[in-house]
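Here's a quick briefing to read alongside the model. Let's begin on the inside and work our way out to the sheet.

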Amino acid sequence: MRKMEDDWYRKIWTLDIQDQSWVEDTKRQVDFIIKTLKLTGNERILDLACGFGRHSLELARRGFEVIGVDITAEYVAYASEQAEKENLNAKFHCADIRRLTFQNEFDVVLNMADGAVGYLENDSENRKIFETISAALKPGGRHFMDIMNGDYARTHFPCKMWDSGEKGLTLSQFEWDDASKTLIYGQKDYRFGDILSKPEFLEGNPIRLYTLNEITSDFAALGMQVKQSFADFSGKKLTENDIQMIVCSEKRS
């Protein structure tokens, strides 16, 4: 596959993503966030690259004050409309994460389903997401991140994987550029009842993947300390052979 243009992350998102199988797991993911971070319901939460607001809205339904930020206007409009319909304490802003100016304002910051981590043009730009996280958190505030494991990619890619949900199947193709630590990701979706055509992957999304050691080092330089890591939302211990990586960190007081 060839890489899409550097600013691919600004252009590809639509509300069709709501039909993806992984969206079906939102409530369980929120349960795990609350349990793992020992949240009480009084925390103010910032959801970075919030998409159409699935985690933000679910947290607001449970009584949290939530701010969601995403670069896709269609997502922000949808999430805002849902929050208004349900009279939730959630606000949504269409913005580039790198341009945010929050300072010591949030008890919790989230980057879910990648949360745009690794999506930007180069390591310097990607680091700005980490800087935004650290700046936005209050001292003692916590960060929860759900991304792909760079250690897994290095030893298991290239490959293809199928995933099944309630509405259809997804075929994912993973290619790997080891020099830049970049995944090239392609995806084909098939709804149940449709005739499957032969999948062709002509281009893919370039995503810089991080190892736990890299996250630990980058966060330490920004006054953050990694506290826990998991392989999934059941709390499985993370290893190099797990494709998913959940990292919980804390901003030093």
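The largest cavity in this predicted model has a volume of about 50 Å³. Counting cavities of 30 Å³ or more gives just one. Around that we have a seven-stranded open sheet with mixed pairing, plus helices packed on it, α2 and α6 among them.

**The cavity**

- Rolling a probe the size of a water molecule over the atoms is what shows where empty space is left.
- Which residues line the largest cavity? The lining is made up of Asp114, Val117, Ile147, Met148, Ile207, Arg208, Leu209 and Tyr210.
- Two strands, β6 and β10 (203-208), each chip in at least two residues of that lining.

**The sheet as a whole**

- Reading across, the strand order is β4-β3-β2-β5-β6-β12-β11.
- At the edges sit β4 (90-94) and β11 (224-230), each of which pairs on one side only.
- From one strand to the next, the twist averages 20°.

**Around β5**

- What holds neighbouring strands together? Strands of a sheet pair through backbone hydrogen bonds, in either a parallel or an antiparallel sense.
- On one pairing, β5 (residues 106-111) runs parallel to β6 (residues 137-148), with five bridges between them.
- Within that pairing, Phe106 faces Leu137 in β6, and Val109 stands opposite His143 in β6.
- β5 also pairs with β2, again in parallel, this time over four bridges; here Ile45 is set opposite Val108 in β5.
- Is β5 mostly covered or mostly uncovered? Mostly covered: five of its six residues are buried.

**Crossover and helices**

- To get from β5 to β6, the chain passes through helix α4 (residues 123-136), and this β-α-β crossover is right-handed.
- Helix α2 (residues 54-61) packs on the sheet and touches β2 (44-48), β3 (65-70), β4 and β5. The direction of α2 makes about 170° with that of β3.
- Helix α6 (residues 212-220) also packs on the sheet, where its contacts are β6, β11 and β12 (244-251). Take β11 as the reference and the angle to the direction of α6 is about 155°.

**Pulling it together**

- β6 turns up in several places: it pairs with β5, is touched by helix α6 and supplies at least two residues of the lining of the largest cavity.
- β5, for its part, pairs with β2 and β6, and is touched by helix α2.

Definitions and conventions: Residues numbered from 1 in each chain as written. Predicted model: local features only at pLDDT ≥ 70, side-chain atom pairs only at ≥ 80, totals over all residues. Heavy atoms only, no water. Pairing = 2+ DSSP bridges. Axes fitted to C-alpha atoms, helices over the stretch in contact; angles between N-to-C directions. Contact = heavy atoms within 4.5 Å. Buried < 20%, exposed > 50% of the residue type's maximum accessible area, 1.4 Å probe, protein only. Right-handed = clockwise from strand over helix to strand, strands pointing away. 1 Å grid on protein atoms, 1.4 Å probe; cavity = no way out; pocket = protein on both sides within 12 Å on 5 of 7 lines; lining within 4 Å. Points joined across faces, edges and corners; volume = space filled by probe spheres on them.
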